[in-house]
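Please load the model in your viewer and set the display to cartoon. The tour below proceeds by selection, and each stop states what to display and what is found there.

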Amino acid sequence: MPKQIPWHDLTPEERVVVEYFVTFKSVGEIIALQELRRKGIKRPTLVLDELIRKGIIRYGEGCYSLAKEYRT
C-alpha cells in the first residue's frame, strides 16, 4: 500500500509539481523542467530540490521520479 502524499505540507508550487509526477511517474530532467515552466513554475529546480529533500521526488541519471513509496 503506497504512502499518502502529505499534501497539507506542500506549497502551491510543490502541489503542482507533485501532481505532475503523480501523472508522469518518471520524466527526463530537461523535459520535466520545460513542462513545469509551462505549468507556471518559475524556478522548477528549486521546487524539485525541496521535494527531493522531503523525500517525495527522487533524482537519478538525468531523470526525476515520484518516490516509489508514493506510487500507486
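Begin at the hairpin of S2 and S3, where 2 residues lie between the strands and Glu61 adopts a positive phi near 45 degrees. The model in view is a predicted one. Beside this turn, select Gly60 and Cys63: Cys63 in S3 is the bridge partner of Gly60. Extending the selection to both strands, residues 57–60 for S2 and residues 63–66 for S3, displays an antiparallel pairing of S2 and S3 over 4 bridges.

**The sheet**

Next, add S1, residues 26–28. S1 pairs with S3 in the antiparallel sense, over 3 bridges. Two residue pairs serve to locate this pairing: Gly28 stands opposite Cys63 of S3, and Ser26 has Ser65 of S3 as its bridge partner. With these strands displayed, the open sheet can be read in the order S1-S3-S2, with antiparallel pairing. S1 and S2 are the edge strands, each pairing on one side only. On average, neighbouring strands of the sheet are turned by 20 degrees against each other, direction ignored.

**Helices on the sheet**

Now select residues 12–23, which form helix H1. H1 packs on the sheet and touches S1, S2 and S3, its direction making about 85 degrees with that of S3. Then select helix H2, residues 29–38. H2 lies across S1, S2 and S3 and runs at about 95 degrees to S1.

**H1 against H2**

Keep H1 and H2 on display and hide the strands. Two packed helices are described by the angle between their axes and the distance between the axes. For H1 and H2, the angle is about 130 degrees and the axes are 11 Å apart. H1 is therefore oblique to H2. The crossing of these two helices is right-handed. To inspect the contact, show the side chains of Val17, Tyr20 and Phe21 in H1, which meet Ile31, Ala32, Glu35 and Leu36 in H2. The residues of this contact divide into 6 nonpolar, no polar and 1 charged.

**H2 against H3**

Retain H2, and replace H1 with helix H3, residues 44–53. At what angle do the axes of H2 and H3 cross? They cross at roughly 110 degrees and come within 9 Å. H2 and H3 are therefore roughly perpendicular to each other, and H2 passes H3 in a right-handed crossing. For the contact, select Leu33, Leu36 and Arg37 of H2 together with Pro44, Thr45 and Leu48 of H3. These residues divide into 4 nonpolar, 1 polar and 1 charged. Leu36 merits a separate selection: this residue takes part in the contact of H2 with H3 and also in the contact of H1 with H2.

**The whole chain**

Finally, restore the full chain, which has 3 helices and 3 strands. Coloured along the sequence, the chain follows the pattern α-β-α-α-β-β. Along the principal axes, the C-alpha atoms fill a box of roughly 30 × 25 × 20 Å. How does the radius of gyration of the chain stand against that of a compact globule? A compact globule of 72 residues would have a radius of gyration near 11 Å, and the chain has 11 Å, which agrees.

Conventions:
Residues are numbered from 1 along each chain as its sequence is written. This is a predicted model: local features need pLDDT of at least 70, side-chain atom pairs count only at pLDDT 80 or more; totals for chains, interfaces and linings use all residues. Side-chain values use heavy atoms; hydrogens and water are left out. Two strands pair if DSSP finds at least two bridges between them. Axes are lines fitted to C-alpha atoms, for helices over the stretch in contact, and angles run from 0 to 180 degrees between N-to-C directions. Contact means heavy atoms within 4.5 Å. Angles under 35 degrees count as roughly parallel, over 145 as roughly antiparallel, 65 to 115 as roughly perpendicular and the rest as oblique. A crossing is left-handed if the near helix is turned anticlockwise from the far one by less than a right angle, and right-handed if clockwise. Ala, Val, Leu, Ile, Met, Phe, Trp, Tyr, Cys and Pro count as nonpolar, Asp, Glu, Lys and Arg as charged, and the others, Gly among them, as polar. The radius of gyration is taken over C-alpha atoms; the globule rule is 2.2 Å times the number of residues to the power 0.38.
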